[in-house]
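Dear colleague,

Please find below the sequence and structure that I am handing over to you. My notes on the ligand site and on one of the sheets follow.

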Amino acid sequence: MNARTGTVTLVGGGPGDPELLTVAAVRALAKADVVLFDRLAPHETLAELAPRARLIDVGKRPGHHPIPQDEIERILVAHALEGAEVVRLKGGDPFVFGRGGEEVEACRRAGVPVRVIPGVTSAISVPAAAGIPVTHRNTSRMFTVVSGHAPLSPAELEHLAGLGGTIVILMGITNLPSITAGLARFGMDPGMPVAVIEQGYSSRQRSTFGSLSTILTESVRAGVGSPAVVVIGEVVRLARGGDADAAAALSDAATVTGP
Ligand code: SAH
């Protein structure tokens, strides 16, 4: 039994491109003994980023349940109690629909020191990859981030329809029919622009555009699938035409420095 207790660091990995890891995230990975990572976290370059670490895939695919949440928490705590520096690498930001809060509580209950490194959330960055700013002067001065994982209640749909500003829905593809129908029923303009952006920051990134009344047909026609971010609001009109590969655009941006 190791005398020294290790630590758990929850790391927000951003929307998938390793360029969008924070400096703190890269440092934590470089020091890690064990890394538990998700499907949506940037994992293709993990062997380089965390050269000392044992890598454990706890990724969840829709319809499959490889490792339940309480088991993930048990693994995190067990390694830390053995003295390991454990990184829990999550997609986007750990506290945006990432169950990060539950993992922090599990560590505290076990007496394991835990810290959180925030990440670039897909709620803002994936719209940006399609050229959509979630706020824009004189167009939208608020944005609301909603989980579409479970169906929204009539009260929630009514509030959302009346809010104004931009609505960003994560995990919203399965329930897109009931969400768009509900918003229309509670008075949202059927012409309100809507975008669905799949697989942001990958070479498979794709945006599908429509309005509240047409996006369902457009999505079915395009064969839209998860992971995708749905954006509803006037800001969608600001999207640039077509999908540049956001990952390539990022590295271009990074190289446009110097003389
Ligand atoms: N904590 C994450 C969100 C976890 S919920 C964050 O802050 O981004 C998972 C949902 O995030 C997916 O169903 C999808 O709606 C969205 N998502 C995450 N990464 C994405 C990506 N690269 N492209 C499109 N959607 C993404």
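In this predicted model, a polar side-chain atom of Thr 121 is placed 2.7 Å from an oxygen atom of the ligand. Two further polar contacts involve the backbone: a polar backbone atom of Pro 15 is 2.8 Å from a nitrogen atom of the ligand, and a backbone N or O atom of Gly 200 likewise lies 2.8 Å from a ligand nitrogen atom. On its own the ligand has 540 Å² of accessible area, of which the protein covers 93%. Two or more residues of the surrounding shell come from each of α5 (122–129) and β10 (228–232).

The ligand is surrounded by 18 residues, the closest being Pro 15, Val 96, Thr 121, Ser 122 and Ala 228. By character, the shell consists of eleven nonpolar residues, six polar ones and one charged residue. Because domain 1 (7–117) and domain 2 (122–254) both contribute residues to this shell, the ligand lies between the two domains.

Strand β10 also belongs to an open sheet of five strands, ordered β6-β7-β10-β8-β9 with mixed pairing. At its edges stand β6 (143–147) and β9 (206–211); each has a single partner strand, so one side of each is left without a neighbour in the sheet. On average, neighbouring strands here are turned by 20° against each other, direction ignored. Within the sheet, β10 pairs with β7 (residues 166–170) in the antiparallel sense over four bridges, and Val 230 in β10 stands opposite Ile 169.

With kind regards

Methods. Residues numbered from 1 in each chain as written. Predicted model: local features only at pLDDT ≥ 70, side-chain atom pairs only at ≥ 80, totals over all residues. Heavy atoms only, no water. Near = heavy atom within 4 Å. Polar contact = N/O pair within 3.5 Å; in protein donor to acceptor, adjacent residues only side chain to side chain. Areas by Shrake-Rupley, 256 points an atom, 1.4 Å probe, with all protein chains shown as cover. Nonpolar A, V, L, I, M, F, W, Y, C, P; charged D, E, K, R; others polar. Domains from an automatic or database assignment. Pairing = 2+ DSSP bridges. Axes fitted to C-alpha atoms, helices over the stretch in contact; angles between N-to-C directions.
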